[in-house]
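Here's a quick briefing to read with the model open beside you. Take a look at the structure, then work through the notes by topic.

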Amino acid sequence: DLDALPFPDRDDLPIEHYHDFEIAGKPCAQIVSSRGCPSGCSFCIERQVLYASPLYRRRSPKKVVDEVSLVKEKYRAKQVYYDDMTMVIDKRHVTSICNEMIARGIDVPWTCMGDMTLDYDTLSLMVKAGCVGVKFGVETANTDTLSSIKKTLVNLQKVKRFVMHCKKLGIWTHATYAIGLLGDKKEDILKTLDFAIRLNTDSAQFSIATPFPGTPFFEIAKENRWLVSYDWTMYDGANHSVVNYPWLTKDEIEQLYRVALKRYYRHGILKSLASPRKVFRLMRARGLTYAFHKVKNAFGSSEK
């Protein structure tokens with residue numbers, strides 16, 4: 001029973017030290033409104049290891065909004081980020097939280113980890129309740145790979161429609177992609193990068209697909225002798241690939257990851273120059289250093 005748990009002790013763990021999807025202001029308080037996920041993505045360490053169950057548990061809307069009220073009043077939070085595996089998989093859950101926020105007049109902008117199953121009416125209600133951004137996983141534009149990794153929620157046409165709805169409502173979209181998923185070849189990864197640029201979300205992130213121990217991805221890689229290291233410090237998803245496929249080497253995955261970062265950040269910077277309002281919004285939320293870091297990543301070195 002998640003409602004039986006106390007709120008996190010934010011006196012010992014100050015919210016100023018934790019940052020994720022801050023687009024409306026800081027400090028940003030991270031809150032979890034549910035645990036688990038009914039999907040079965042083969043690479044997901046939360047779903048496959050941390051919870052190890054398709055069971056999806058929800059906190060009551062009242063408890064969730066009580067915590068929102070607390071972080072606003074006691075910790076002066078300027079934004080809330082719902083860091084569920086997916087806050088919106090249960091439409092009744094997210095709409096109940098929104099209605100509770102509206103009924104109690106809790107005026108705090110918030111973002112969430114979601115997915116593209118949201119319809120326009122639900123998104124409209126979320127905006128009314130203070131939603132300013134949604135993060136969601138695409139991973140790859142290869143539909144065969146999506147099937148093989150059990151990411152059954154993703155449909156590229158639905159992704160496009162979802163992003164269009166968000167843009168119309170003024171919701172910041174943040175898409176995530178993985179480089180080196182089981183089944184993807186070099187040309188698939190380059191097509192995914194092209195798709196990401198055409199999708200034109202407000203921001204995006206790329207990670208190296210990593211077979212964490214306990215996941216089906218790890219077992220498949222181990223069984224086929226594709227793993228190149230059991231040094232867990234290499235399993236970072238940001239610098240090293242620990243798999244070496246017959247059709248895609250470890251070095252190629254790492255290089256494609258760097259290419260994806262540079263091409264997408266360059267696209268993002270040029271897009272931002274055409275929309276200075278978003279640049280100022282990010283600077284206000286994250287500061288000048290963050291903006292400078294993005295520019296450095298985009299133009300710091302050339303692709304090879």
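Helix 3 and helix 4 cross in a left-handed way (left-handed means the near helix is turned anticlockwise from the far one by less than a right angle, right-handed means clockwise). Keep in mind that this is a predicted model, where local features need pLDDT of at least 70, side-chain atom pairs count only at pLDDT 80 or more, and totals for chains, interfaces and linings use all residues. Residues are numbered from 1 along each chain as its sequence is written, and side-chain values use heavy atoms, with hydrogens and water left out.

**The helix pair**
- Helix 3 covers residues 91-104 and helix 4 residues 120-128, and they pack at about 30° with their axes 9 Å apart (helices are DSSP runs of H or I, at least four residues; strands are runs of E, at least two).
- That makes helix 3 and helix 4 roughly parallel, a label for angles under 35 degrees.
- Axes here are lines fitted to C-alpha atoms, over the stretch in contact for helices, and angles run from 0 to 180 degrees between N-to-C directions.

**Arg 258**
- You'll find Arg 258 in helix 9, residues 250-273.
- Arg 258 is partly exposed, at 37% relative accessible area (buried is under 20%, exposed over 50%, partly exposed in between, with a 1.4 Å probe and protein chains only).
- Ile 179 sits 79 residues from Arg 258 in sequence, yet their C-alpha atoms are 9.9 Å apart in space.

Technical notes: Parallel < 35°, antiparallel > 145°, perpendicular 65-115°, else oblique.
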